[in-house]
Amino acid sequence: MEITCPRCDSTFSADAAELRAHDCQAQCSVCDQIFTVGGALCAETASPAGAGRRWGKRFLLFIIFLLILALIGQALWWTQGYSYLAANAELRGVMLSAAQRLGTDIPWPGPNKQILIVNSQVTPGNDNLAQITGTIRNTADFVQAYPVISVTLNNVHGAPVAHLRFTPQQYLAPPYRAADGFVPHTLVPFVLSSPQLITAPGYQVTLISQR
């Protein structure tokens, strides 16, 4: 078959099978222009070997893309960088939705000392019981786990007489959930009540951090 260079208009004789083997790419021997040979011959009978190479390249690029995603995911997991990404409400929603579909909870880091008790108050109740309410705040720039709240009951001399611990599942009320993580710069109310939380001359409320 005859082919013509689109740059210099030089005409050559080329083997159709050889062209198909090279994905209908040709190089002009006069001006070195590389061009695609058109026509029904190449369009209708493209080389199976050329098509296979193209699919092979695409598959290889897809595998490389997946490996890069896996490396990024592993880096975010081990450095807990995902907790910073989760500070964005939309990304956090996607992460929580994915975790729910997988039937698991996101292992939020912490809690650390960037969680503060903003206020707390004791309300005496019936049967010598008491209830402690207040708010806590995450001052960090990332989502982290809710802390355990520790309550120490003191006697009139200031000496401790009892120690109680309350998990997030015990002191959080809807819409707050421990599995959702403690969102940055958010005030969250807590309620502490237990048959062991009795009226006492003094109370000390502290947060237990993991680091």
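## Two three-stranded sheets and the residues around them

R137 is a handy place to start: it sits in strand β6, which covers residues 129-138. Keep in mind that we're looking at a predicted model here. R137 is partly exposed, because its relative accessible area of 30% falls between the under 20% of a buried residue and the over 50% of an exposed one. Setting aside residues up to four places away in sequence, R137 touches Q114, I115, L116 and V118, and also F182, H185, T186 and L187.

What is the bridge partner of L116 in β6? That's R137. The two residues are 21 apart in sequence, yet their C-alpha atoms are 5.3 Å apart in space.

### The whole chain, briefly

The chain has 211 residues, and 30% of them count as buried. Its secondary structure comes to six helices and 10 strands. Take the contacts with a separation of 6 or more: 62% of them are between residues 24 or more positions apart. About 13300 Å² of the chain is exposed, with carbon and sulfur atoms supplying 58% of that area.

### The sheet with β6

Back to β6. An open sheet of three strands runs in the order β5-β6-β9, and the pairing is antiparallel. β5 (115-124) and β9 (187-198) are the edge strands; each has a single partner strand, so one side of each lacks a neighbour in the sheet. From one strand to the next, the twist averages 20 degrees.

β5 and β6 also make a hairpin, with four residues between the strands, and D127 takes a positive phi near 55 degrees there. Nine bridges join these two antiparallel strands. On the other pairing, β6 and β9 share eight bridges, again in the antiparallel sense. One example is G134, whose bridge partner in β9 is F190.

### The sheet with β7

There's another open sheet of three strands, ordered β8-β7-β10, with antiparallel pairing. β8 and β10 (202-208) are its edge strands, each pairing on one side only. The twist here averages 20 degrees from one strand to the next. β7 and β10 run antiparallel and are joined by seven bridges, and V148 stands opposite I208 in β10.

Here are the three strand pairs side by side:

| Strand pair | Bridges | Sense |
|---|---|---|
| β5 and β6 | nine bridges | antiparallel |
| β6 and β9 | eight bridges | antiparallel |
| β7 and β10 | seven bridges | antiparallel |

### The nonpolar cores

In soluble globular proteins, nonpolar side chains tend to be buried together. The largest nonpolar core in this model has 17 residues, and those with the most contacts inside it are I136, V151, Y171, L192 and L197. Which elements give two or more residues to this core? They are β6, β7 (148-154), β8 (160-166) and β9. β9 provides the largest share, four residues.

V151 is worth a closer look. Leaving out neighbours within four places in sequence, V151 is in contact with I132, A162, H163, L164 and F166, plus L192, L197, Y203, Q204 and V205. Apart from this core lies another one, of eight residues, including I3, A26, C28 and F35.

### Two asparagines

Now for a pair of polar residues. N138 lies in strand β6. Is N138 buried or exposed? N138 has a relative accessible area of 0%, so it is buried, the cut-off being under 20%. A polar atom of the N138 side chain lies 3.1 Å from the backbone oxygen of F142. Not counting residues up to four places away in sequence, N138 touches Q114, I115, Q144, F182, V183, P184, H185 and T186.

N154 has its place in strand β7. With 14% relative accessibility, N154 also counts as buried, because that value is under 20%. Its contacts, again without residues up to four places away in sequence, are A159, P160 and V161, then A200, P201, G202, Y203 and Q204.

Technical notes:
Residues numbered from 1 in each chain as written. Predicted model: local features only at pLDDT ≥ 70, side-chain atom pairs only at ≥ 80, totals over all residues. Heavy atoms only, no water. Buried < 20%, exposed > 50% of the residue type's maximum accessible area, 1.4 Å probe, protein only. Contact = heavy atoms within 4.5 Å. Areas by Shrake-Rupley, 256 points an atom, 1.4 Å probe, with all protein chains shown as cover. Pairing = 2+ DSSP bridges. Axes fitted to C-alpha atoms, helices over the stretch in contact; angles between N-to-C directions. Core = buried A, V, L, I, M, F, W, Y, C linked by side-chain atoms within 4.5 Å. Polar contact = N/O pair within 3.5 Å; in protein donor to acceptor, adjacent residues only side chain to side chain.
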